[in-house]
Amino acid sequence: MSVLNRYRKPGGFLQLLQLVETSQPAKQEKLLQAIRNEDPDWADLVENKMINPDMVFSWDDETLTLIFESMLSRHSAILFKIQGDEFTGRVKNMMRAEKFKDIRDILEHMADPLEAEVISAKNHMLETVRKMDEEKVILLRRIDPNLDLSDAA
């Protein structure tokens, strides 16, 4: 049975892309290989359009602020904790005071997050980014023209 049949519909490419983006590395490789076996062009397109947490963390402070303000405060706190004080300082100065207060309150009582919590927070961030792009709150094609999905199948 074809892996890609269920994704060859309007919006299907984005669904497939998000599935691959939020999969653990081993599963991600298996998915990409299955896609490559069926359609090497789609596999290349998925790989070229994927976003990852490190990519997002490198974006400008204004974009990061919009993303973190849209996320659940607990997930934001987890990501701030793993990124460290310098990263937190970059973003907190642009955040709404009440949102950062929620995040700071969580950070003050948070132990080191478990790996599963970090994975969940990173996936939530990626899902938030895709949703914000879809709603045109942020425009991925302006951040990186290679991320534009208008040419995707």
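Start by selecting Lys136 in this predicted model, the residue that follows α9 and has a positive phi near 60 degrees. Lys136 takes up this positive phi although it is not a glycine, and it lies in the loop between α9 and α10. If you colour the chain by accessibility, Lys136 should stand out as exposed, because its relative accessibility is 57% and the cut-off for exposed is over 50%.

From there, step back along the sequence and select helix α9, residues 115-134. A distance between the C-alpha atoms at the two ends gives 29 Å, which agrees with the 28 Å that 20 residues should span at 1.5 Å a residue. Now show the side chains of the buried residues of α9, which are Val118, Ala121, Asn123, His124, Met125, Leu126, Thr128, Val129, Arg130, Met132 and Asp133. To see what these buried residues pack against, add α1 (12-21), α3 (40-49), α4 (53-57), α5 (61-70), α6 (73-83) and α10 (140-143) to the view.

Keep α9 and α6 on screen and hide the rest for a moment. The axes of these two helices, α6 and α9, come within 9 Å and cross at roughly 110 degrees, which makes α6 roughly perpendicular to α9. The crossing of the pair α6 and α9 is left-handed. On the α6 side, the contact is made by Arg74, His75, Ile78, Leu79 and Ile82, while α9 contributes Glu117, Val118, Ser120, Ala121, Lys122, His124 and Met125.

While α6 is selected, pick out Ser76, which lies in this helix. Ser76 is buried, since its relative accessible area is 0%, and, leaving aside neighbours within four places in sequence, it is in contact with Phe68, Met71 and Ile103.

Next, bring the remaining helices back and select the largest nonpolar core, which holds 27 residues; those that touch the most other members are Val56, Trp59, Ile67, Phe68, Phe80, Met125 and Val129. The elements giving two or more residues to this core are α4, α5, α6, α7 (85-92), α8 (97-108) and α9, and the largest share, 6 residues, comes from α9.

Within that core, centre the view on Trp59 and display what surrounds it. Not counting residues up to four places away in sequence, Trp59 touches Ile51, Leu64, Ile67, Arg90, Val129, Leu140, Ile143 and Leu147. Apart from the largest core lies another one, of 15 residues, which you can locate by selecting Leu4, Tyr7, Leu32 and Val46, all among its members.

Then move to α1, where Gly12, Phe13, Leu16, Leu17, Val20 and Glu21 are buried. Adding α2 (25-38), α3 and α9 to the selection shows part of what covers these buried residues of α1.

Finally, zoom out to the whole chain, which has 10 helices and 0 strands. The C-alpha trace spans about 50 × 30 × 20 Å along its principal axes, and buried residues make up 43% of the 153 residues in the chain. A contact map would complete the tour: of the contacts in the chain with a separation of 6 or more, 72% are accounted for by residues 24 or more positions apart.

Key:
Residues are numbered from 1 along each chain as its sequence is written. This is a predicted model: local features need pLDDT of at least 70, side-chain atom pairs count only at pLDDT 80 or more; totals for chains, interfaces and linings use all residues. Side-chain values use heavy atoms; hydrogens and water are left out. Helices (H or I, at least four residues) and strands (E, at least two) are DSSP runs, numbered from the N terminus. The expected span of a helix is 1.5 Å times one less than its number of residues. Buried means under 20% relative accessible area, exposed over 50%, partly exposed in between (1.4 Å probe, protein chains only). Contact means heavy atoms within 4.5 Å. A nonpolar core is a set of buried Ala, Val, Leu, Ile, Met, Phe, Trp, Tyr and Cys residues joined through side-chain atoms within 4.5 Å. Axes are lines fitted to C-alpha atoms, for helices over the stretch in contact, and angles run from 0 to 180 degrees between N-to-C directions. Angles under 35 degrees count as roughly parallel, over 145 as roughly antiparallel, 65 to 115 as roughly perpendicular and the rest as oblique. A crossing is left-handed if the near helix is turned anticlockwise from the far one by less than a right angle, and right-handed if clockwise.
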